[in-house]
Amino acid sequence: MNATRRRGARIRLALAGIATLAIIGPLLWLWQSSLMPGTYSVMDMGYADHGGAQAMHGSGHSGHLAAGPGGPSAPTRSLNEFIADPDRKADVDVTLVARKQRFKLATGRSVDGYTLNGTSPGPVINATAGQLVQVRLVNESVPDGITLHWHGVDVPNSVDGVAGVTQDAVTVGGSHVYRFVADQAGTFWYHSHQVSHEQVQRGLLGALVVAPAQAHAGTTDVVALLHLYDGARTVNGREGDVRVDASPGSRVRVRVINTENGQTSVWAGAPFRLLAVDGTDLNDPGPVRGTAVPLTAGGRADLEVTMPEDGSPVRVHIGGPTGLVLGSRSHDAPPVPRPTTNLDLLGYGTPAPLGFDPDQPDRRFTYEIGRRPGFLDGMPGIWWTVNGHMFPDVPMFVVAEGDVVRMRISNQSGETHPMHLHGHHAVVLSRNGVPATGSPWWVDSLEVPDGDSFEIAFLADNPGIWMDHCHNLPHAAEGLVAHLMYEGVTTPFTVGGPNHNKPE
Amino acid sequence: MGKHLMKLAYKILAYFIAVEVAVQASMVVLGDAGLFKYIEQGGVLDKAAAESGAIQFPEFFAFIVHGINGMMVIPAVALILLIVSFFTKIPRAVGAAGLVLGLVVLQVALGLLGHSIPALGALHGVNALLLFSAAVYAARRGRAAVVSTPAQPVRV
Ligand SMILES: [Cu+2]
């Protein structure tokens, strides 16, 4: 009888052990298989998606960190070949020295972060369309290494500034030169793309303004760069209002740059026109009043305010009670409550030719954002997915130079995502099936709210390997990253490696 | 001996989940109260500020605690509770632990889906009460076993 009981107890224990293994085993396996190697090439990440086009080099590109799509027979070019004319003299030549330091905001608040030439935001880089910009970046004391990415400028791939993809992070004591032709007039910004979710937040950024070749006479031009330092909301590094002199009847162009991880909105106490979005002029933008302009994380909006003839000042709000006061420096303008309506760019301005036919695409891609539980490099959590796959098993969107590319970006993840495609501007064709009827709406940073879907199109005219990621930078670090890759282009750089490249 | 240890572990883990559910309820209301006070005093919270990684109002930490507890700590403890339940001889321990884990999974799903469909957030609140009850029910299974022990014939 005792023996039976003991045998029963043993069977029970064995069953309990088996049940435990049945739970722990798969979890351990999932955990183990999610671990990333210390060093890898983004070309080996995920699986190739040819967007319905015939693959040039076969389909030898599948699974988690498999072999890249470039077969041995394929003619390949290193992305290092994509550079600005090396013999051309620079028109704008800037040196930026990066430091890790405590610095003071104008109000005296002390911030522990990073500076460029002793300030954050770094100096505004001004160029005129067509000029060759050369920036020498020196890392004096940022321990993790740094890079500079030219957000919104469709630069040659080798100077895109993504650590581990287009260059190695610049280590302490090192330097790196970026050269590109600023061929499009507009508002842009630059920021580090090494450990970017931390370095951007702590100040490694600045504005880049490209003026048109023929300047608009009689217009005051002002940059309004939004950034929060330790929760303190600043415009151009100042807490409180930025005051701008403007005479009655004159025009002021306010170049608002959202360097934050979340969307903000811009509204004004007077009618205004929205001249440009993401560094691209809108066609025939009309005056609006009592409406707010939503501004994507990483995006830019250029507003033009015509000053009232009676000399009263005008307040431009950026996301909250503060912003800019245009007019005389001595008179304040009362705050204006945030309008309840948003300017919908789907129908703003009038149509204009796109330069290609989006209805005859060579490639069609889907970029569907979701969320599910799993392990990300060994960390359990509920992580973002792209087309149902979790990082690093995400699609590699493969195109050929000259392709017209259509992409459907949709979001079912429960949170909004500001999606940023490097090296290209894409035009918005429709939102939730409603076609765009206004000015061509070109974006490099597109807010895709939860539950929405956008059709966008772009011309693949800038060969290289380009990140296509969420610009809520912590989300990118949580795996919301894919790449756009041109057939036959390779990168000699790797994530990890001796420079500890970590683009997100 | 090991059995008693398992029984004790089971009870402690189940009560721990019940306490955690109470902590979750208090944290989310603390965070909301802090947010409304912040707005009351003229504070503005747009997505840019909310995602800036910095604390805008002192009670913001409560939302962070709610997130870490709800998506990491409680699911992990519920899983351990289920595993421990296999090794106790407490009647219906496995069933109770399974129920707790199931309600935890449902709770996380409702919490996240509530971001898209706020009405599901209301169910998240109700499900919290079910989860609390299930955790207390599980914790008290061991007690039932202790009470029933003398009733079993003892062999020498
Ligand atoms: Cu995101």
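Me: What makes a residue part of the contact between chain A and chain B, and how many does each chain supply?

Reply: Contact means heavy atoms within 4.5 Å, and by that rule the contact takes 33 residues from chain A and 23 residues from chain B. This is a predicted model, in which local features need pLDDT of at least 70 and side-chain atom pairs count only at pLDDT 80 or more, whereas totals for chains, interfaces and linings use all residues. Residues are numbered from 1 along each chain as its sequence is written, chains are lettered from A in the order in which they are written, and side-chain values use heavy atoms, with hydrogens and water left out.

Me: Why is A:E415 with B:K47 called a salt bridge?

Reply: A salt bridge needs a side-chain nitrogen of Lys or Arg within 4 Å of a carboxyl oxygen of Asp or Glu; the closest N and O atoms of A:E415 and B:K47 are 3.3 Å apart, so the pair qualifies. Across the interface of chain A and chain B, the rule finds 2 salt bridges.

Me: What is the buried area between chain A and chain B, and which residues of chain A lose the most?

Reply: Buried area is the accessible area (1.4 Å probe) that two parts lose on being put together, summed over both, and for chain A and chain B this comes to about 2300 Å², with 62% of it on carbon and sulfur atoms. In chain A, the residues losing the most area to chain B are A:R12, A:I23 and A:I382, which together account for 19% of what that side buries.
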